[in-house]
Structure formats: structure tokens, C-alpha cells
Amino acid sequence: MSYMVLARKYRPRTFADVVGQEHVVRALSNALESERLHHAYLFTGTRGVGKTTLGRILAACFNCETGITSTPCGECESCGEIAAGHFMDLMEVDAASQTGVDHTRELLANADLAPARGRYKVYLIDEVHMLTGHSFNALLKKLEEPPEHVKFLLATTEAKKIPVTVLSRCLQFNLKNMLPEVITDQLAKILAAEDITAEETALSIIARAARGSMRDALSIADQAVSHGGGAITTESVNEMLGIAGRDEIGALLDALAAGDSDRLLATGDDLASRSLDLAGVLDELQRGFHDLAVAEELESAPASGYSRFRGTFSAEDLQLYYQIALMGRRDIEFAPDPKIGFDMTLLRLASFETVGSAAGPDEVTETTVDEPSAEAKPRPPVEPTARIDDTRSVDLAAAESVRDSADWGDVVSAMAPEGLTAMILKNSNLTDRGAERWLIRLDQSHESLLNDKQRVEIERLVASYAGRDIRVDFEIGQLETETPMARESRIAKETREKAEATLMADPNVRAMLDEFGGTLDSARLSDGAGETEPLR
């Protein structure tokens, strides 16, 4: 008998065999047990997550000779023929190759006829989004008035391409990408059943490479068995997939910790010479920085392959390195060739470091370049600066200088709000400023901007500014004093008027205006009026 690949041999036959899609299995099982059966089901999700598999299981549930059930027997003729793929009343169609309206009409021509053998006539249409508009119209007619003995099972990777008129007539189930842990466990069970030796680390690498697809994971495992001569090892899988292992990433981290740019680039050259996937190397670097950052924040963080680097890098450096690796991974596609993009990312990692300023770890607003030295020395860890537990904090120096200021405009400026938050604060007055509670009155024309999210953000900014938790209440009404926004507008207007008066007092300017018939563009006048080309 010819060899059957793992993805086909271990394709689930019952709901109990399905992993990673418990939310869908539960809904379908409950509907079958109570016989609340819909005429059309739509399964959506990325490749290899079980869309058509669930469709076939559902077809068996409909037509099992023991009756409609969530646990088909798998032994009767109907279950056997459905599993073998030649059940007369299961019409399985790949819409990607049969998109025309003629194909659809031909497929549905016998829908009104009773099933030949089973209880229901089941139409399983894969990649249904590939149908043409006319084909969807032909299908829609049957979905609107389906015969009692017909069930439609539709599967797609792109639900957005399906007309809403079709979507509205289907029960839609969204299948999620499987977690690497789920894939690893399932691979271990299958390989144990096949009596194939596999290292746990190797299975984890395969699970990550599958990117949520169980079918892809089984296909990679098949390839790994052949590549490893009947066994699956970490070294073999890394070599087969062109993935850098922990030793290679560790070598990069060693060079980075030592601040040795030459060694860092030399290690990168070695990885490239071995034909490793350089984008994948940056992925592994991100994973390493992530593990170390989590370990830096949580003492209870699980051990990882990079535990020996704990304490080597500061939390701020890890945030910066992660961002550099992330951007390098994205930009590598636009480089003249992957090696150039990879080298430039390594150079950024070696050259930039966070500055001990008021900026938070995610706010890399300033960078410094290391001076070259004759002897590379380990970079001293940067002491974490006083910061608020948020990715965006106020300017501490500015806040200190106006902390007790009675001017609301100065307070708002020191808090440095952005976006809608700035619009709210700049169009308000602070009517009561107590030790534990602030009352802000907002102009009624901006009431629609205030929601729960903005309230939380404003309370965070106030707490950051004051250095302690303060309750912030809001009231809507007419403002009695000038708002920060009104003050900014007034100052800008006065600046323009002053600049205009200064220019008009200059006889040379007046002579140019008279001679050329020019005018002053008041809207462009500012403090630097002489630099903004106000004459036209």
C-alpha cells in the first residue's frame, strides 16, 4: 500500500478528533443534539485550520445511519463512503476551479431531487469567495428557498469577498489560527502513534513555522522525518527550514552585550553564508528580546533559552532593540538584497542606545552613537529613569516648574495631551482644584468628544502631572474664563497684528507694496514674519 501523508492519515473523522476549534465544535454539537439544523453553514479562517474537515464531519453527522448525531458511528456505509470521498449525496466542489455560472447551475440542477441514499443532500463548496457575481446569484436563489433535504456547507479564507446577501443567509463560524502549544501537543501525539522519535524543541519550531495551520505543521513534520532520516531533531529542523537556533542567536546577543560591532557583523556574515533565512533570524531576535524583557519585569517569568542573558541588558535597551529588530524585519523586504537590510539592522543594534532622560522606555526620542574604541568593553546598563507605568508620560521637568501654577493653560501644556484629549482639555476650564479631586468644565460644543476612554486618559495625565492619584470629574456648561485654546488663538492673532504693524511701519515695505500692488498675507505672519514670505 502506498504511503499516506500525515495530514491525510490523521485528518479528524469526528468532532472529538478536532483540536484548537472548541468554540465551533461546541456550537455544532449542541445544535445537532437538539436538532436545531440550519440549511447553510459558512466556515471561515486561514488555510489548514479545519474548514473542509468540519464540513465533512458535519455531512457525516447529517447522514449517519444511526440518526442525526454529533457523534457519527464511523462504521456504517454512509460514514465510510463520506470518509473515503465517494458518498453520492455529498457534492464537494472547489470553487476556485469552477467559478462560472454554468458550473454553478449544473451543480444545483438536481438540488430539488431527493437524496439518492442519505438523509440530506450536502453541497460542500470550498473557497466559495472565488465564485463570480452571476454564480453567487444562482447560489443565492437556492439559499433563499432551500429544499428541506438540502444542506449547504461553504468554506472560505476571505469572507469579505462574499456578498452580504449570501452571508446573511448562513450561520457563520470563524475558525481561529491554532496556538503553537496546541500544534506541538497534537504533533507529539501523532508522531508517538507513528513511533517516530521527535525532540520537543524541534516540534515547537515546527509549530511556530506552521503559523497556526495544523495541516502545514503535519506537512513540515513529514518533510522533517525524511530530512532527519526517520527522526526529528532540533538541528535537523533548523537546517531544513533555514532557521537560526538558540546558539546562533546567543552569539549575536553575546556580541551585542559586549558592544563589539565587528563581532556582531562577523556573526551575521556567518549566518548568511549558511543560507539561513535572515528575516527569520530577526524574528528569533525579537523573540529573544521579548523573553528577556518579560523576565526583566516579572520574577516569575518562565525560563527560556536566553536565560543566561538576564540582567545583561537594561529594560530600556531591550525595548529599543525590539523596535529596531521589528523595523528591520519589515524593511528587509525593501532593501537591495536581504543581506544589506540585515547588516543595517545589526549596525543599528550596535550603534544606538537609550538616553537616560525623562522619555519612557518606548519613547526613543534621542539616540547616541558609541565612540569606537580600541578594546570593546561591555556596555554598562542604563539605570532606569523615574517613569510612570505607561508608554507615554508627561514632561517631568515641565511639570515640576508649573506644578502649583494657577493657570490652566500652563497646566495643560505641562501635561502634553495629544489628539482628542488635547481638544477636550484645551476647550475647558479647571473650576475646582482640590487635593484629591479636580473639577473640569467642558464647553458644550465639545461634549461629544468626552467618553470613558478619554476620561481614563485625562485622569492618567492628571495623576502623572500631580504625582499622585486624583479623581477628575467633568461638567458641561458655559465657560466663564478664557480656555487654553482661546488663549492660543488670541496670542496668535496678537502676534500677527504686531508683525503686520511692524512691517507696515517700514518705509521700504510700504514702497514695495505701492510699487507692485502687493498685499500682506496676514494668515502667514508669525513671530518669524521676515522668514515667512508675507509679501505677495
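**Exercise 1. A pair of strands and their sheet**

Start from strand β9 (residues 437–442) and β10, which pair in the parallel sense over six bridges, and place the two strands in their sheet: what is the order of its strands?

*Solution.*

Step 1. First, some ground rules. The model is predicted, so local features need pLDDT of at least 70 and side-chain atom pairs count only at pLDDT 80 or more, while totals for chains, interfaces and linings use all residues. Residues are numbered from 1 along each chain as its sequence is written, and side-chain values use heavy atoms, with hydrogens and water left out.

Step 2. Strands are DSSP runs of E with at least two residues, helices are runs of H or I with at least four, and both are numbered from the N terminus. Two strands pair if DSSP finds at least two bridges between them.

Step 3. The sheet is open and holds three strands in the order β8-β9-β10, with mixed pairing. At its edges lie β8 (428–433) and β10 (471–476), each of which pairs on one side only.

Step 4. On average, neighbouring strands here are turned by 25° against each other, direction ignored. Axes are lines fitted to C-alpha atoms, for helices over the stretch in contact, and angles run from 0 to 180 degrees between N-to-C directions.

Step 5. To anchor the pairing on residues, look at Ile-440: its bridge partner in β10 is Phe-474. Then add helix α20 (residues 452–466), which packs on the sheet and touches β8, β9 and β10. The direction of α20 makes about 130° with that of β10. Contact here means heavy atoms within 4.5 Å.

**Exercise 2. A sheet of five strands**

Turn to the open sheet of five strands: which strands are at its edges, and which helices lie across its strands?

*Solution.*

Step 1. Read the order, which is β2-β3-β4-β1-β5, with parallel pairing. The edge strands are β2 (90–94) and β5 (171–174), and each pairs on one side only.

Step 2. Here neighbouring strands are turned by 15° against each other on average, again with direction ignored.

Step 3. Zoom in on one pair: strand β1 (residues 40–44) joins β5 in the parallel sense over four bridges. Within this pairing, Phe-43 has Phe-173 of β5 as its bridge partner.

Step 4. Now add the helices. Helix α2 (residues 22–33) lies across β1 and β5 and runs at about 150° to β5. Helix α5 (residues 101–108) lies across β2, β3 (121–126) and β4 (150–156), at about 160° to β3.

**Exercise 3. Cysteines and disulfides**

How many disulfides does a search of the whole structure find, and why does Cys-64 have no bond to Cys-73?

*Solution.*

Step 1. A disulfide is a covalent bond between the sulfur atoms of two cysteines. In the search, it is a pair of cysteine sulfur atoms within 2.5 Å.

Step 2. The search finds zero disulfides in the whole structure.

Step 3. For Cys-64, the closest cysteine sulfur is that of Cys-73, and the two are not bonded because 3.6 Å is too far. Cys-73 is likewise in no disulfide: the sulfur of Cys-76 is the nearest, at 3.5 Å.

Step 4. Compare the surroundings. Buried means under 20% relative accessible area, exposed over 50%, and partly exposed in between (1.4 Å probe, protein chains only). Cys-64 is buried at 0%, whereas Cys-73 is partly exposed at 33%.

**Exercise 4. Two positive phi angles and a helix residue**

Look at Glu-127 and Arg-211: which is buried and which is exposed?

*Solution.*

Step 1. Locate Glu-127 in the loop between β3 and α6 (133–144). Although it is not a glycine, Glu-127 has a positive phi of about 50°.

Step 2. Arg-211 sits in the loop between α9 and α10, and its phi, near 50°, is also positive in a residue other than glycine.

Step 3. With a relative accessible area of 19%, Glu-127 is buried, while Arg-211 is exposed at 57%.

Step 4. Move on to Asp-216, in helix α10 (residues 214–227). Asp-216 is buried, with a relative accessible area of 17%. Neighbours within four places in sequence aside, Asp-216 is in contact with Arg-47 and Ala-210.

**Exercise 5. The whole chain**

How many helices and strands does the chain have?

*Solution.*

Step 1. The chain has 22 helices and ten strands.

Step 2. Of its 536 residues, 43% are buried.

Step 3. Take the contacts between residues at least 6 apart in sequence: 70% of them join residues at least 24 apart.
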